[in-house]
Amino acid sequence: MSTPYPRDGGVPILRLGDVLVTGLLNELDDKSAVAFTDELTERIVADSARGVLIDISRLELIDSFVARTLMELTTMARLLGARVIVAGMRPAVAITLVELGLRLTGVETALNAEAGLVALGWQRMPQPSGEAPRVSLR
């Protein structure tokens, strides 16, 4: 069984059924981007993941390097049989990407992590009032 914590102390990757959930907490440099990409693609194979959710809601900006990294990671994951959804893009980030002419070609997006999980096949189960929400696979 794989651990949610990466070997190099980088970004945790959690497994929920056949979906991996991770997030970018700060900007990526070359070294951390390679480590993140390697770890995530290894986990896709090791966990037989069919979906990956990358939450970027903590990022205040995305430059061309991060945009290219997300596009390449999406292509790699697709080649390994997993669908990637990038969730939680801030409006300022979307505006900056458009103003700079950067496109996240091939990258699916969702408004937030919950919407991304729903797109990957998760659904919120009805709960009696007063109970915490439950989530299940369709």
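The legends below describe close-up views of a predicted model.

**View 1. Strand 1 and strand 2 form a hairpin with two residues between them.**
Strand 1, which covers residues 13–16, runs antiparallel to strand 2, and four bridges join the two strands. Among the paired positions, Arg15 has Leu20 of strand 2 as its bridge partner, while Leu16 stands opposite Val19 in strand 2. In the turn of the hairpin lies Gly17, whose phi is positive at about 65 degrees.

**View 2. Strand 2 is paired with strand 3 and is largely enclosed by the rest of the structure.**
Strand 2 and strand 3 run parallel and are joined by five bridges, and at one place along this pairing Val19 stands opposite Gly51 in strand 3. In a regular strand, side chains alternate between the two faces of the sheet. In strand 2, Val19, Val21 and Gly23 point one way, whereas Leu20 and Thr22 point the other way, and all of these residues are buried. Because five of the five residues of strand 2 are buried, the strand is largely enclosed by the rest of the structure.

**View 3. Thr22 is a buried residue of strand 2.**
Strand 2 spans residues 19–23 and includes Thr22, which has a relative accessibility of 4% and therefore counts as buried. When its neighbours within four places in sequence are left aside, Thr22 is in contact with Val11, Pro12 and Ile13, with Phe36 and Leu40, and with Leu53, Ile54 and Asp55.

**View 4. Helix 1 packs against helix 2.**
Two packed helices are described by the angle between their axes and the distance between the axes. For helix 1 and helix 2, the latter made of residues 64–79, the angle is about 20 degrees and the axes are 11 Å apart. Helix 1 is therefore roughly parallel to helix 2, and the crossing in which helix 1 passes helix 2 is right-handed. The contact is made by Asp30, Ala33, Phe36, Thr37, Leu40, Thr41 and Ile44 on the side of helix 1, and by Phe65, Thr69, Leu73, Met76 and Ala77 on the side of helix 2.

**View 5. Thr37 lies in helix 1, which covers residues 30–46.**
With a relative accessibility of 11%, Thr37 counts as buried, because the limit for that term is under 20%. The side chain of Thr37 reaches the backbone oxygen of Ala33 at 2.8 Å. Not counting residues up to four places away in sequence, Thr37 touches Thr69, Leu73 and Met76, and these three residues are among those through which helix 2 makes its contact with helix 1.

**View 6. Ile56 is a buried residue in the loop between strand 3 and helix 2.**
The loop that holds Ile56 follows strand 3, residues 51–55, and the relative accessible area of Ile56 is 2%. Although Ile56 and Gly23 are 33 residues apart in sequence, their C-alpha atoms are 5.7 Å apart in space. Ile56 also touches Leu24, Ile62, Val86, Ala87, Gly88 and Met89, with residues up to four places away in sequence not counted.

**View 7. Leu120 is a buried residue in the loop between helix 4 and strand 6.**
Helix 4 comprises residues 113–119 and strand 6 residues 122–125, and Leu120 is placed in the loop between them. Leu120 counts as buried at a relative accessibility of 1%. Measuring from C-alpha to C-alpha, Leu120 and Leu53 are 8.2 Å apart in space and 67 residues apart in sequence. Apart from residues up to four places away in sequence, Leu120 touches Val19, Arg50, Gly51, Val52, Leu53, Arg83 and Ile85.

Terms used
Residues numbered from 1 in each chain as written. Predicted model: local features only at pLDDT ≥ 70, side-chain atom pairs only at ≥ 80, totals over all residues. Heavy atoms only, no water. Buried < 20%, exposed > 50% of the residue type's maximum accessible area, 1.4 Å probe, protein only. Contact = heavy atoms within 4.5 Å. Polar contact = N/O pair within 3.5 Å; in protein donor to acceptor, adjacent residues only side chain to side chain. Pairing = 2+ DSSP bridges. Axes fitted to C-alpha atoms, helices over the stretch in contact; angles between N-to-C directions. Parallel < 35°, antiparallel > 145°, perpendicular 65-115°, else oblique. Left-handed = near helix turned anticlockwise from the far one by under 90°.
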